[in-house]
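This report covers one helix pair, the nonpolar cores and one loop residue.

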Amino acid sequence: MGAHEHPQPQDAVPAPGGIGRRRFLGYVVAASTLTVAAELGEAALAPARAAAVVPSVPGPAEIYDLNDMLTHATLPTANLITIRIDSDGTASFALPRAEVGQGITTSSAMLVAEELDLPLDKVRVTLADARPELLFNQLTGGSNTTISTFTPIRVAAAVARGRLLLAAALELDEALGTLTAKAGIVTSSVTGKSLTYGELAEKAASVTTSQVSVTLKEPSEFKVIGTAQRRVDALEAVTGRKKFAMDLQVPGALPAMVCRPPTINGTVRSVDNLDEVRAMPGITDVVRISTGVAVRGRTFGQCIDAIRALKVTWGPGTADGASDDTIRDELRKAELPLPALDLLTKAVDARFTFHFASNSALETNCAVADVREDSAEIWASLKSPITAQEQIALTLGLPATAVKVHVTEGGGSFGRKLFHDGAAEAAEISRAMGKPVRLMWHRTDDFRQGRTHPMSTSRVRATHALGQVLTYDQRHTSVATDFGHGVGEIITSEAARLPVGDLTFSETIFTLTQQTPYNFGVVTQLLSETDKGFHTGSMRNIYSPNVRCAQELVVDELAKRMGKDPYQFRRTFLKDERARAVLDKAAEVGSWGRSMPAGTAQGIALHPEYHAYVAVLAEIDCRPETTGRKVPDACTGPRVTKVVCAVDAGLAVNPRGLQAQMMGGIMDGIAITLSSGLHLAGGHFLEGSWDNYFYTRQWNTPPELEIVVMPPTTGRPGGAGELAVAGAMAAVACAYGRATGTMPTTFPINHDGPLGFEPLPTSPPIPASPTDGLSRAY
């Protein structure tokens, strides 16, 4: 495994749209020690575009994308994000986002340390409780955290630095220009006297709130931003000291679990043995709730025993009788028509099917809740805590101010924690029992009753003549994606500035995220949806992996029919030089075009999103002696043997963190291409745990993995958290098509083959033996 980093050159000139020497306004806030805030952030600009023989009109996402919308929505409340300097010389910052392993506490600490001239280990970043006054500034999604907070955090830190220097000048009775700040110490160049930030914290504080002007550092002055840093929480993570929701010791909060219906959204008709289960060892309470039957006990093992013992008669669900085949038929009926085909042109015409998939975060849904008669307190990993607070308060019949929501660190999300299902359920159980609870979903609950990435089809037609692509049309049809987690409210509030007209929430998200990086003449990409009563949600990269995979496979087919090399074909039609640079780098480092044995091949793909670009080259082995090999976890099939990823995320705040994001995205892309999917039959999903939901295993982790972080191309960060998923999925799919000689059209590729596992029973959907249950559930 390797990685390349390109440090920020000391003589770098900010690219257009960079911050440079612009002035910003911030605040000194009335407080006992120095507390500061920023006033506003910085709007994003559209990327540059290159000309071609048959240029394409830029799509909405190339002018104004989802990330721009999310960033603009944060601006009105940027001044409510504060940094405090404490008397011990540390800077404290409550980040209004959710840390779920993506490393934003580290990158945020780096921004503070840079502008404050403070050592990184002197910056304390915690997660803010739900703060309704922040409005849309407390939603974590769309790879937006670093983009939207990049300027506000730095402005606040620069205000603090300036205030500390001013306080030192007064204390030392010296001219401000003779003082320098470094590593948390202000020193006089004349007398050599110095004061620490801790000594100045109270002296720099203000009794009134006032506005001040600051100048931010130029990129050439950066000492922290752009350098590879270890995660600030790494030691706590590897030593087990990091606190997740289930690690919290809330007085009186005992374990709780829920017996759930066998089909999606099934209902409880009756429970035949309530008294018998209530008398089981350790069980304190058993109650019916809206999603099933909840039990509370001294241990989670006792809760599992109680759930297995429950005799429940279930009512119908919202997807009874549904299967992969019935949903596929519904999707095809809902497909929007493609334009009429011109008989004078040649065409590539293909339809792709993408099955349901799970977010598959290692940490299942969990939350702690203590609901009283006139108040409630919730602890959970939440990406949209304000929405959670509002909706839980509404359900409990309490004012929002009476519901306190604490955001805990989360063990993965990939879109799952945008929804607060676990927190809402914990609150409902606590209210019904009149006692605090520590609710944890069983692993099978998450796979069968949790949120899923919706099944979809993508119909693509591209026409070409005389060596040019004349049209590219894509009709993506999906089971409806639920955007009721706060993003819908942002769309409503930002409607006047969106370049998409009067579209539904889903259509707006689709239009603001989907684009083609190629000059393919007249380009259209449209979404239509069906609603089949499923629990759906965004998975990492929302629509992009499926849409990009379909597009890149068609690009490969176009190159084949036009007698061109896939890499050179892409290079010819690319619009943007940044895109061309990452494609060239991936091809160079990955030795594109090298001789390979029959049954193996390379694939290459490109993905632009959120003002960033990634190119992925993948090599795959589809030979029978490889695909039929038996390994301990029963995985078989094509094996990815090498991946090279070149990423341009503008200004990489933490190149090491960016590499980690790319690695995770690559593993996601391999999984959803080859092996990770949910089988729907009889109104429920067959997968029930990690032993039969085949996420990327060691067997399919490429032994050769190279991540290339490109030199900074802009003065600002681009989105990175989701970027590699679509690129990796498309590259692996293209490699598979070239290795087998057949374009794959169903994903994951193994979905229509033998199941390879014995499905767990549907009621209760928990493994039979206690040991098996515990190991698979957690």
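The text below takes these topics in turn.

The model is predicted: local features need pLDDT of at least 70, side-chain atom pairs count only at pLDDT 80 or more, and totals for chains, interfaces and linings use all residues. Residues are numbered from 1 along each chain as its sequence is written, and side-chain values use heavy atoms, without hydrogens and water.

Two packed helices are described by the angle between their axes and the distance between the axes. Helices here are DSSP runs (H or I, at least four residues; strands are E, at least two), numbered from the N terminus. Axes are lines fitted to C-alpha atoms over the stretch in contact, with angles from 0 to 180 degrees between N-to-C directions. The axes of α15 and α20 come within 8 Å and cross at roughly 35°.

| Helix | Residues | Among its contact residues (heavy atoms within 4.5 Å) |
|---|---|---|
| α15 | 544-561 | S544, R548, L553, D556 |
| α20 | 723-740 | V725, M729, A733, R738 |

The largest nonpolar core (buried Ala, Val, Leu, Ile, Met, Phe, Trp, Tyr and Cys residues joined through side-chain atoms within 4.5 Å; buried means under 20% relative accessible area, exposed over 50%, partly exposed in between, with a 1.4 Å probe and protein chains only) has 59 residues. I327, F352, F356, F520, F534 and F569 touch the most other members. Helix α15 gives the largest share, seven residues. Another core, of 57 residues, lies apart and includes F93 and L120.

K243 sits in the loop between α6 (234-239) and β11 (254-259). K243 is exposed, at 52% relative accessible area. Beyond neighbours within four places in sequence, K243 contacts L248 and E409.
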